[in-house]
Amino acid sequence: MRELAGHPEARAGAEQAVAVANTRLNRIEQVKKFWLPVEKWGPESDELTPSWKLCRREIHLKYGQILDGLYTL
């Protein structure tokens, strides 16, 4: 995952998908910044429960700084 997330073609593909999604959204709803995780998330990781629900506390603990950076202008 780390190698894939850092690959220029993966980033370009994600940027293209965001651009397509943004065409259907109002300006205020559009995605301005995004981040590609470098680790696989699954039930065996701390980020998801066995029923594939987000563990918000764990995500905040691990990725809080990254996520906060997405909301700065």
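## Exercises on a three-helix model

Of the 73 residues in the protein, 15% are buried (under 20% relative accessible area; exposed means over 50% and partly exposed in between, with a 1.4 Å probe and protein chains only). The model is predicted: local features need pLDDT of at least 70, side-chain atom pairs count only at pLDDT 80 or more, and totals for chains, interfaces and linings use all residues. Residues are numbered from 1 along each chain as its sequence is written, and side-chain values use heavy atoms, leaving out hydrogens and water.

**Exercise 1. Describe the fold and its overall dimensions.**

Step 1: Start with the secondary structure, which comes to 3 helices and 0 strands. Helices (H or I, at least four residues) and strands (E, at least two) are DSSP runs, numbered from the N terminus. Read from that end, the order is α-α-α.

Step 2: Now look at the dimensions. The C-alpha trace spans about 35 × 25 × 25 Å along its principal axes.

Step 3: Compare with a globule. The protein has a radius of gyration of 14 Å, whereas a compact globule of 73 residues would have one near 11 Å. This radius is taken over C-alpha atoms, and the globule rule is 2.2 Å times the number of residues to the power 0.38.

**Exercise 2. Find the aromatic pairs and place one of them in the chain.**

Step 1: Apply the ring rule: rings of Phe, Tyr and Trp (its six-membered ring) pair if their centres lie within 6.5 Å; planes under 30 degrees apart count as stacked, over 60 as edge-to-face and the rest as tilted. The count comes to 2 aromatic pairs.

Step 2: Take W35 and Y63, a tilted pair with 5.1 Å from centre to centre and 50° between the planes. This pair links distant parts of the chain, 28 residues apart: W35 sits in the loop between α2 and α3, and Y63 in helix α3.

Step 3: Check how covered each partner is. W35 counts as partly exposed because its relative accessibility is 25%, while Y63 counts as buried at 9%.

Step 4: Widen the view: W35, W41 and Y63 form one aromatic cluster.

**Exercise 3. Work out what stands out about the backbone of W52.**

Step 1: Locate W52 in the loop between α2 (8-22) and α3 (56-70).

Step 2: Read its phi, which is near 65°, a positive value in a residue other than glycine. Most residues other than glycine have a negative phi.

Step 3: Finish with the surroundings. W52 has a relative accessible area of 55%, so W52 is exposed.
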